[in-house]
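This report concerns charged side-chain pairs and the principal pocket of a single protein model. The sequence and structure are shown first.

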Amino acid sequence: PPRSTLFPYTTLFRSLVNWQPAWEEIMNGIARILVSGMVVLACGSARGELIDSIVAVVDQEVILLSDLKAAVPGEIERLRNESASVEAYQAAVNRLLMQTLEEDIVAKILYREALRASVVVDDKFVEQRIDQLRDKYDTDEAFIEYLTSAGETLSDVRDRTRKILMAQSMQFEKSRSEEHTSELQSHLNL
């Protein structure tokens with residue numbers, strides 16, 4: 001297959017070249033990406049059943065196909081209802097999952113960088129974000145019931161929210177640094 005099929009994130013990661021830490025560290029994480037791999041478990045018989053697919057590994061953290069689908073269930077259902085054919089539906093879902101995968105990979109890299117940079121997110125910001133999620137439900141009980149049905153706890157949501165906020169903070173710092181570098185280069189070239 002062509003290189004772009006095997007590594008569709010070239011443009012995305014090329015923008016990380018000037019980013020701290022060194023390019024080699026980022027490439028070490030990216031090099032561990034497994035574009036496809038199957039997790040096959042035997043389920044009480046000689047034949048194996050597909051349980052899930054590993055779609056990527058960032059550093060040592062696995063991203064499963066089920067994780068991607070769980071991140072966008074409403075979108076997948078919307079695509080099912082809007083698609084004119086099975087082929088159109090599959091193509092749209094594949095695009096959505098690739099976009100979600102790309103965002104997840106970048107978020108995991110940014111989170112790792114935030115850890116290295118000792119970025120701290122105040123608990124009040126985490127709680128504010130969780131309150132925004134909770135506000136979508138009529139009662140606290142309904143929110144907790146939803147979390148339970150999704151196989152999550154409030155602690156899981158707090159941890160994930162903190163990681164997201166740390167990654168966003170790192171992205172903000174990266175953008176600010178790039179703007180400053182561009183302004184400096186522009187000033188020096190005058």
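The account below treats the salt bridges and then the largest pocket.

**Salt bridges**

The model is a predicted one. Across the whole structure, a search identifies 14 salt bridges. Side chains of opposite charge can pair when their charged atoms come close. Three of the pairs are set out in the table, with the N to O distance and the relative accessibility of each partner.

| Pair | N to O distance | Accessibility, acidic partner | Accessibility, basic partner |
|---|---|---|---|
| Asp 104 and Lys 108 | 3.5 Å | Asp 104, 22% | Lys 108, 15% |
| Asp 131 and Arg 134 | 2.8 Å | Asp 131, 32% | Arg 134, 18% |
| Glu 152 and Arg 160 | 2.3 Å | Glu 152, 22% | Arg 160, 39% |

Helix α6, spanning residues 86–116, contains both Asp 104 and Lys 108. These two positions are 4 residues apart, about one turn of the helix, and their side chains are joined by a salt bridge. Lys 108 counts as buried because its relative accessibility of 15% is under 20%. Asp 104, at 22%, is instead partly exposed.

Helix α7 (residues 123–134) holds the pair Asp 131 and Arg 134. Here the separation is 3 residues, so about one helical turn lies between them. Arg 134 is classed as buried at 18%, whereas Asp 131 is partly exposed at 32%.

In the bridge between Glu 152 and Arg 160, Glu 152 is partly exposed at 22%, and Arg 160 is also partly exposed, at 39%. Elsewhere, shared partners link salt bridges into one network made up of Asp 59, Glu 61, Asp 104, Lys 108 and Arg 112.

**The largest pocket**

The volume of the largest pocket is about 1400 Å³. Its lining comprises 37 residues, of which Asp 67, Ala 71, Asp 104, Arg 160 and Ile 164 are the closest to the pocket centre. Two of these residues also take part in the salt bridges described above: Asp 104 pairs with Lys 108, and Arg 160 pairs with Glu 152.

Which element gives the most to the lining of the largest pocket? Helix α9 does, with 11 residues. This helix covers 154–189. At least two lining residues each come from β3 (61–64), α4 (65–71), α6, α7, α8 (140–149) and α9. By residue class, the lining of this pocket consists of 21 nonpolar, 4 polar and 12 charged residues.

Definitions and conventions:
Residues are numbered from 1 along each chain as its sequence is written. This is a predicted model: local features need pLDDT of at least 70, side-chain atom pairs count only at pLDDT 80 or more; totals for chains, interfaces and linings use all residues. Side-chain values use heavy atoms; hydrogens and water are left out. A salt bridge is a side-chain nitrogen of Lys or Arg within 4 Å of a carboxyl oxygen of Asp or Glu. Buried means under 20% relative accessible area, exposed over 50%, partly exposed in between (1.4 Å probe, protein chains only). On a 1 Å grid over the protein atoms alone, a cavity is a set of points where a 1.4 Å probe fits but cannot get out, and a pocket is an open set with protein on both sides within 12 Å along at least five of seven lines; lining residues have an atom within 4 Å of a point. Grid points are joined across faces, edges and corners, and a volume is the space filled by probe spheres set on the points. Ala, Val, Leu, Ile, Met, Phe, Trp, Tyr, Cys and Pro count as nonpolar, Asp, Glu, Lys and Arg as charged, and the others, Gly among them, as polar.
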